[in-house]
Amino acid sequence: MSTRLESASPATASPATARALRQLRRHGGLVALLVLVLVNIAITPNFLQLQTLFVNISQVATIAIVAIGMTLVIATGGIDLSVGAVMALAGALAPLIFLSPFGVAYPALGLVAAFTLPLLAAMACGLFNGFMVSVLRVQPIIATLILFISGRGIAQVLTNGNLQTFSNPSFSYLGTGRILGLPFQGWLALALAGLVYWLVTRTLFGRYLLAIGGNERAARLSGVPVRRVKFGAYVICAGLAGIAGLIVVAINSASDAGRNGNLMELDAIAAAVVGGALLQGGRAPIFGAVLGAVIIQLVKYTLLANGVEDEVALIAKAFIIVVAVYLQAGRRE
Amino acid sequence: MTTPLLQMTGIDKAFAGVAALTSASLTIEPGEIHAVIGQNGAGKSTLIKILTGVYRRDAGLIMFAGKPSTISSPREAQDSGISTIYQELTLVPLRSVTENVTLGYEPRIWGGIIDWPRAHARTREILARFGIEIDVRAPLGSYSTAIQQLVAIARAVSLDARLVIMDEPTSSLDDREVEVLFGVVRGLKASGVSVLYVSHFLDELFRICDSVTVMRDGRTVARKAIAETTKLELIADMLGRDIDEIRADGMTELGGGQRDRSGEVLLEAKAAATDRRLHRLDLIVHRGEIVGLAGLLGSGRTEAARAVFGLDRLQKGSVSFKGQAPSDPASAIAAGIGYLTEDRKAEGIVPEMSVRENVTLAVLPKLSRGGRIERGRERALVEAFIKSLGIKTANMDQPIRELSGGNQQKALLARWLATEPELLILDEPTRGVDVGAKLEIQAIIRDYVARGFGVLLISSEFEELVEGADRITVMQDGYSVTELQNPGITENALVKAIAHHHRGQAPA
């Protein structure tokens with residue numbers, strides 16, 4: 001009696017279908033964006049108004065800025081859950097500084113300090129994350145969970161849990177200014193994306209970042225300073241989160257440590273993944289992350305503008321992530 | 001004549017079109033301790049995984065206990081009486097000994113609740129059979145590796161195993177623990193259980209096994225009774241050499257060694273030891289010289305390379321490269337050492353990156369100014385290497401994973417040549433590449449040495465070492481035991497040096 005086993009022949013799709021699928025995977029983000037815009041034109045009242053564009057740009061800028069940093073961290077094979085808390089911390093510090101006796105006495109200096117000190121604090125958070133991950137070798141998800149929990153707590157302690165309102169036109173320019181008629185933070189997000197894109201594609205740091213995510217052992221054996229590069233990724237990510245935190249405070253002319261950047265880590269991760277970042281690392285599509293942020297924002301807006309409840313909007317966001325991850329799984333083969 | 005307990009015949013298995021097993025066979029008698037040996041990639045573990053239902057065979061017949069086997073999963077293997085003790089223990093260290101022994105087969109009352117008193121009693125009784133008396137309520141992880149291994153075996157036996165598969169069971173045990181393990185194995189045999197024993201340590205075979213199957217290149221090349229064979233004969237079978245040739249030991253073939261050996265000392269290791277199974281390494285490499293590092297699997301060749309490259313910290317002794325001791329890969333590279341690793345996938349290529357990015361990874365600091373990569377110089381450098389090494393790629397921006405193994409290897413060789421190292425460590429540089437690429441790679445190495453640099457060549461291919469190296473340092477069990485000089489090394493002399501006992505163990 002023979003027990004020869006026949007091997008199951010894998011189901012093969014027709015070449016045309018396969019090619020269409022590949023194209024969809026490569027340009028999935030743009031297709032999704034196009035579909036979203038068309039759907040909105042069809043169903044959302046007043047979608048083709050300038051005001052709609054302004055609202056969306058000012059909302060998407062913070063997601064995009066954080067997602068750019070998140071993309072760098074994800075490219076090393078890590079993740080940063082603390083970005084939302086870092087936003088809250090940076091955002092809480094700024095008004096504290098320019099409302100302080102020093103800031104009132106020297107408005108110009110106070111303004112400069114209100115930009116730089118929060119950013120330095122944010123980057124210190126990044127140093128902490130980088131230290132946990134690359135020196136103590138803690139799993140990134142656990143390492144950044146520490147600041148995810150405590151960062152917002154620190155911010156709330158600093159402000160006694162109060163909403164801090166202020167009126168400082170110079171500072172508010174960050175969130176309400178216009179260049180060529182479009183919101184300042186939109187331009188800022190684009191400029192930052194360009195800068196980080198240059199960093200990734202043209203510098204030693206960027207090449208090392210991708211090598212570490214692609215094959216950390218091989219990178220180390222090739223003399224790549226793995227620790228320093230990981231530090232760099234977490235510090236840049238936290239710094240960008242700090243900028244986003246300042247923008248949110250500037251938009252509202254108020255700092256609410258409890259809400260600033262709340263759930264931002266999820267939006268940023270979603271945007272990065274939709275944009276084509278691989279969670280196991282090795283890829284850093286910066287403008288993909290910007291596109292991902294736009295898609296996430298448009299979905300939110302679409303649901304909101306059509307009266308869908310927030311809770312349902314969350315489900316829709318989850319669905320987008322599932323689709324993006326599925327398409328990626330195929331792309332990896 | 002008794003019916004064999006296990007009879008595997010004509011087993012074929014291919015992975016992605018590459019044959020891993022070709023008409024392999026394995027026969028084990030009841031109550032027999034049977035060894036399976038072979039070099040890396042000979043097909044031992046593939047054969048075992050087919051037996052235990054991890055892989056499906058492409059062709060062939062398996063008879064177990066007189067019936068055709070239909071095992072298609074490890075659980076089914078266990079249920080039909082085949083238990084596997086893996087190299088890495090697959091038990092649950094944080095749970096109690098009892099839980100580990102009875103896991104999945106707990107005695108129950110009323111259908112659902114575990115009967116703990118009975119479970120503990122049964123575990124104690126099972127362990128007592130092996131002369132182990134421990135607290136069965138303590139977490140398994142609180143005991144030594146040896147005890148854990150014995151518990152794994154006890155578990156296997158408690159499941160009424162008729163065949164116990166042991167994969168490198170002694171690799172993590174000390175001498176005393178090995179004795180205890182051997183006692184248990186003999187106990188199994190006495191109770192009629194068969195044991196399939198996989199080990200790289202040939203000495204153990206002569207102490208514990210009844211018979212042996214030798215595999216080479218996916219085929220079964222010999223099945224012998226241990227009492228009727230010798231260690232030399234087994235090595236000859238494993239390596240595919242003629243035993244008489246090895247015995248004759250004629251020093252006739254002229255090898256390398258024509259190179260000028262007056263070059264200064266480039267690398268010197270004195271009694272170097274790491275805590276990664278390198279016990280004592282003495283090694284010298286001069287400029288303009290290829291020094292071979294030979295030895296069986298697990299003899300410490302790769303560990304020696306890691307120590308030289310500063311990857312593993314030295315516990316004893318010294319390594320000096322041009323008077324310095326590299327403390328990590330980055331400093332080794334800066335000092336002028338390149339290290340082409342053995343495992344191309346895990347430690348070599350960055351698969352998602354392009355050929356260009358892979359080639360320049362180690363030399364990048366020299367190609368950049370103020371942190372910015374000078375792309376023109378990068379492209380020119382890569383272009384030159386693609387031409388001079390004949391790397392077959394559509395263009396330099398093609399992802400390296402799309403290249404053939406041989407071309408990936410050439411690209412990695414280019415990665416190290418680009419750093420202009422004075423010492424190049426090559427660990428199995430031609431493994432898994434086709435013949436054409438192999439000859440090209442060897443030619444590249446020759447040219448490189450001719451320019452006055454040194455090469456440390458690790459290879460399992462005796463031909464490559466004998467013909468290529470000026471001197472060969474032979475390693476055994478983490479010690480460098482002897483050195484051969486070219487011209488005058490023959491493959492047989494090398495095989496003999498590798499097989500010979502240098503450290504006063506009992507002769508086989």
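Start by selecting Ala270(A), which you'll find in helix H13 (residues 264–274) of chain A; helices here are DSSP runs of H or I with at least four residues, strands are E runs of at least two, and both are numbered from the N terminus. Before going on, know that this is a predicted model, where local features need pLDDT of at least 70, side-chain atom pairs count only at pLDDT 80 or more, and totals for chains, interfaces and linings use all residues. Residues are numbered from 1 along each chain as its sequence is written, chains are lettered from A and ligands numbered from 1 in the order in which they are written, and side-chain values use heavy atoms, with hydrogens and water left out.

**Around Ala270(A)**

Is Ala270(A) buried or exposed? With 2% relative accessibility, Ala270(A) counts as buried (buried is under 20% relative accessible area, exposed is over 50%, partly exposed is in between, using a 1.4 Å probe and protein chains only). Now show its contacts, meaning heavy atoms within 4.5 Å. Setting aside neighbours within four places in sequence, Ala270(A) is in contact with Ile296(A) and Ile321(A). Add Lys317(A) to your selection too: its C-alpha is 8.3 Å from that of Ala270(A), though the two are 47 residues apart along the chain.

Step back to Leu263(A), in the loop between strand S4 (254–255) and H13 of chain A. Leu263(A) isn't a glycine, yet it has a positive phi of about 65°. Leu263(A) is partly exposed, at 38% relative accessibility.

**Along helix H12 of chain A**

Next, select residues 226–252 of chain A, which make up helix H12. How far does H12(A) reach from its first C-alpha to its last? The helix has 27 residues and spans 40 Å, close to the 39 Å expected at 1.5 Å a residue; that expected span is 1.5 Å times one less than the number of residues. Colour H12(A) by accessibility and you'll see that it is mostly covered, with 21 of its 27 residues buried. Click on Ser253(A), just after H12(A), and you'll find a positive phi of about 50°.

**Where the chains meet**

Time to bring in chain B. Select the contacts between the chains: 40 residues of chain B are in contact with 25 residues of chain A. Together the two chains bury about 2700 Å², 56% of it on carbon and sulfur atoms; this is the accessible area (1.4 Å probe) that the two parts lose on being put together, summed over both.

How many salt bridges are found across the interface of chain B and chain A? The rule finds four, a salt bridge being a side-chain nitrogen of Lys or Arg within 4 Å of a carboxyl oxygen of Asp or Glu. Several elements of chain B give two or more residues to the side that touches chain A, including helix H13 (355–360), helix H14 (375–389) and helix H15 (405–418). The largest share of that side, four residues, comes from S4(B).

**A charged meeting point**

Side chains of opposite charge can pair when their charged atoms come close. To see examples, zoom in on Arg207(A) and Glu357(B), whose side chains meet in a salt bridge (3.6 Å, N to O). This pair crosses between chains, from helix H13 of chain B to helix H10 (residues 204–214) of chain A. Glu357(B) counts as buried at 16% relative accessibility, and Arg207(A) is buried at 2%.

Keep Arg207(A) selected and add Glu378(B): their side chains form a salt bridge as well (2.7 Å, N to O). Here the crossing runs from helix H14 of chain B to helix H10 of chain A. Glu378(B) is buried, and so is Arg207(A).

Now move to Asp397(B) and Arg379(B), joined by a salt bridge (3.0 Å, N to O). Asp397(B) sits in the loop between H14 and H15 of chain B, while Arg379(B) is in helix H14, 18 residues apart. Asp397(B) is partly exposed at 34%, and Arg379(B) is partly exposed at 35%. To see the bigger picture, select Arg207(A), Arg356(B), Glu357(B), Glu378(B), Arg379(B) and Asp397(B) together: they are linked in a network of salt bridges.

**Last stops in chain B**

Find Arg301(B), which lies in helix H10 (residues 301–308) of chain B. Arg301(B) is buried, with a relative accessible area of 6%. Not counting residues up to four places away in sequence, Arg301(B) touches several residues, among them Leu293(B), Glu428(B), Ile458(B) and Met475(B).

Finish at Lys322(B), in the loop between strand S16 (314–321) and H11 of chain B. Its phi is near 50°, a positive value in a residue other than glycine.
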